[in-house]
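I opened this notebook to look up how two helices pack and where the aromatic rings sit. The entries follow the order in which I checked things.

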Amino acid sequence: MQLTWVAGAIGFWLGFDAWQDGNIAAATNNVTLWVVGIVGVISFLRHAVFHRSDAKRMGWDYGKRNDFQLEVGFANLAWGLCGLIAWAQNWNLQAQGALLLVFGIYMAQAAALHLTEPGRAASKGTTAFFAGCLLFFGSLALMQ
């Protein structure tokens, strides 16, 4: 989980830095690479490959495979690979913006769902911030 937050933080740091310099293309590329691509692949590994340790972290260890976790991992891999491809092929701002919005909408829904759970205030805030940043950069790219 910590690798996920580190990769996301790097991407947002680079994204906000480029945005402050007025370079929307560089901001979008950084967020697409780090936050969608790398975070997506790491999240796939966490949810699908290392699902038992991830289940324990979330308090979901039922002693058997949880197919819901695998499905979430597959979704993470789908947009993670799309993020890496978008970055490597230098997709235009509108295509990258749409990709950022897809991930941002997903994360906003996850944040809203987590708000109904007891405890874990820091995790709730971080997830909401993560979603908000994705929605910001996605919208920013689409407005260009």
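**Entry 1: Phe12 and its ring partners**

I looked up Phe12 and Phe130 and found both buried (under 20% relative accessible area, with over 50% exposed and partly exposed in between, for a 1.4 Å probe and protein chains only). The model is predicted, so I note that local features need pLDDT of at least 70 and side-chain atom pairs 80 or more, while totals for chains, interfaces and linings use all residues. Residues are numbered from 1 along each chain as its sequence is written, and side-chain values use heavy atoms, without hydrogens and water.

I counted 12 aromatic pairs; rings of Phe, Tyr and Trp (its six-membered ring) pair if their centres lie within 6.5 Å, and planes under 30 degrees apart are stacked, over 60 edge-to-face, the rest tilted. Phe12 and Phe130 are edge-to-face, because their centres are 5.4 Å apart and their planes stand at 75°. This pair joins helix α1 to helix α6 (residues 121–142), 118 residues apart; helices are DSSP runs of H or I, at least four residues, numbered from the N terminus.

Phe12 also stacks with Phe137, at 6.2 Å centre to centre and 15° between the planes. Phe137 is buried at 0% relative accessibility, and Phe12 is buried at 6%.

**Entry 2: the wider cluster**

I saw that ring pairs link Phe12 into a cluster with others, including Trp5, Trp79 and Tyr106.

How values were computed:
Helix = DSSP H or I, 4+ residues; strand = E, 2+ residues; numbered from the N terminus.
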